[in-house]
Amino acid sequence: LHAIDNLWFGSPDNEGDWGECISWQEAFTLLLETALMELEARGLHKSPKGEDEDTLPLVDLRKALASAIAFYLFDDVEVPSLVWCTNLDWASHIHTSVTKTEREAEDSRTPLLFGYWGGPLCLWGDPLMEGAFRSPSKALLDGYGEPGPIIFARQHTKRLWYTVYAALCQWLGAAQDADELKELEETTKERLATIKERERAAKRIEDARRVLIMTLKALKNAP
């Protein structure tokens with residue numbers, strides 16, 4: 001994991017735009033600000049109940065980001081590593097040699113990891129951005145080896161920012177899915193299945209909103 005590196009930061013499938021980006025702080029700031037601008041442009045940060053208050057305090061978030069940039073929080077990353085999956089739901093991208101049913105059986109075999117791929121969720125960036133490091137298990141940390149992904153307090157703060165970005169991406173993606181499913185619901189014969197898919201998208205939006213609010217609170221006291 002993270003043994004593959006590159007000469008530039010950014011999206012692996014878009015060298016044309018990212019090929020000259022050699023600063024991780026600049027790359028991550030652009031990724032985060034782009035997501036924030038899209039969220040704001042679509043009005044998704046507003047309360048779903050129509051109140052005047054924002055669901056997501058974008059002003060506070062941008063102030064915290066400006067402070068992080070001023071203290072060069074993201075500038076310690078020198079080598080662009082292949083981050084396999086930046087998503088909140090990283091576990092769904094793991095493929096093993098044993099199925100869930102087999103794992104739950106009493107005579108289940110020890111699963112062998114044979115695939116971990118985030119597809120469009122992968123990135124040339126900071127290894128700490130890996131979705132699995134949001135709340136890593138002891139087994140993951142033991143397998144990762146020394147040094148571990150988080151050694152200093154500032155790295156914990158960076159991991160919080162990566163959670164913010166992952167939650168924003170999930171929110172935007174789920175909102176797009178919900179809009180498309182709403183249009184499909186009017187024309188498809190499988191209305192019940194479509195409604196259930198919309199409900200799942202709504203849950204992903206709510207989960208992302210909850211994670212964002214909790215993470216922003218944690219950032220207020222972060223070093």
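**Reading helix H2 and its partners**

Reader: How many residues apart in helix H2 are Trp 24 and Phe 28, and what does that spacing amount to in helical turns?

Author: The general idea comes first: an α-helix has 3.6 residues a turn, so residues three or four places apart point the same way. In this predicted model, Trp 24 and Phe 28 are 4 residues apart in helix H2, which puts about one helical turn between them. Relative accessibility is 1% for Trp 24, which therefore counts as buried. Phe 28, at 0%, is buried as well.

Reader: Which kind of aromatic pair do Phe 28 and Tyr 165 form?

Author: The angle between the ring planes decides the label, and edge-to-face requires over 60 degrees. For Phe 28 and Tyr 165 the planes stand at 70° with the centres 6.0 Å apart, so the pair is edge-to-face. Because Phe 28 belongs to helix H2 and Tyr 165 to helix H6 (residues 153–185), the pair ties together parts that lie 137 residues apart in sequence. Tyr 165 has a relative accessibility of 10% and so counts as buried.

Reader: How many aromatic pairs are there in total, and which residues form one aromatic cluster?

Author: The count comes to 7 aromatic pairs. Among them is the pair of Trp 24 and Phe 28, which is tilted, with 5.8 Å from centre to centre and 35° between the planes. One aromatic cluster takes in Phe 9, Trp 24, Phe 28, Phe 74, Tyr 162 and Tyr 165.

Reader: How far apart are the end C-alpha atoms of helix H2, and what span should its 18 residues give?

Author: A helix is expected to advance 1.5 Å a residue, so the 18 residues of H2 (residues 24–41) should span 26 Å. The end C-alpha atoms are 25 Å apart, in agreement with that expectation. Just after H2, Gly 43 adopts a positive phi of about 70°.

Reader: Which residues of H2 are buried?

Author: They are Trp 24, Gln 25, Ala 27, Phe 28, Thr 29, Leu 31, Leu 32, Ala 35, Leu 36 and Leu 39.

Reader: Where do the buried nonpolar residues come together, and which have the most contacts inside the largest nonpolar core?

Author: The largest nonpolar core has 48 residues, and those with the most contacts inside it are Trp 24, Phe 28, Leu 32, Phe 74, Trp 161 and Leu 168. Two or more residues are given to this core by each of H2, H3, strand S1 (81–83), strand S4 (123–125), H6 and H7. H6 makes the largest contribution, 12 residues. Trp 161 shows how such contacts are read: leaving aside residues up to four places away in sequence, Trp 161 touches Phe 28, Leu 32, Leu 61, Ala 64, Leu 65, Ala 68, Leu 73, Phe 74 and Leu 219.

Reader: I turn now to charged side chains. How many salt bridges are there, and which parts of the chain does the pair of Arg 62 and Glu 33 tie together?

Author: A salt bridge is counted when the side-chain nitrogen and the carboxyl oxygen are within 4 Å, and the total is 12. Arg 62 and Glu 33 meet at 2.8 Å, N to O. Arg 62 lies in helix H3 (residues 58–70) and Glu 33 in helix H2, so this pair ties together parts 29 residues apart in sequence. With 25% relative accessibility, Arg 62 counts as partly exposed.

Reader: Which residue meets Arg 62 in a salt bridge of 3.4 Å?

Author: It is Glu 40. This pair also links distant parts of the chain, with Glu 40 in helix H2, Arg 62 in helix H3, and their positions 22 residues apart. Glu 40 has 37% relative accessibility and so counts as partly exposed.

Reader: How many residues apart in helix H7 are Glu 206 and Arg 209?

Author: Their salt bridge brings the closest N and O atoms to 2.4 Å. Within helix H7 (residues 191–220) they are 3 residues apart, which means a separation of about one helical turn. Glu 206 is partly exposed at 41%, whereas Arg 209, at 13%, counts as buried. Elsewhere, salt bridges with shared partners join Glu 33, Glu 40 and Arg 62 into one network.

Reader: What pattern does the protein chain follow along the sequence?

Author: The order is α-α-α-β-β-α-β-β-α-α-α, from 7 helices and 4 strands. Of its 223 residues, 40% count as buried.

Technical notes
Residues numbered from 1 in each chain as written. Predicted model: local features only at pLDDT ≥ 70, side-chain atom pairs only at ≥ 80, totals over all residues. Heavy atoms only, no water. Expected span 1.5 Å × (residues − 1). Buried < 20%, exposed > 50% of the residue type's maximum accessible area, 1.4 Å probe, protein only. Phe/Tyr/Trp six-rings, centres within 6.5 Å; stacked < 30°, edge-to-face > 60°. Core = buried A, V, L, I, M, F, W, Y, C linked by side-chain atoms within 4.5 Å. Contact = heavy atoms within 4.5 Å.
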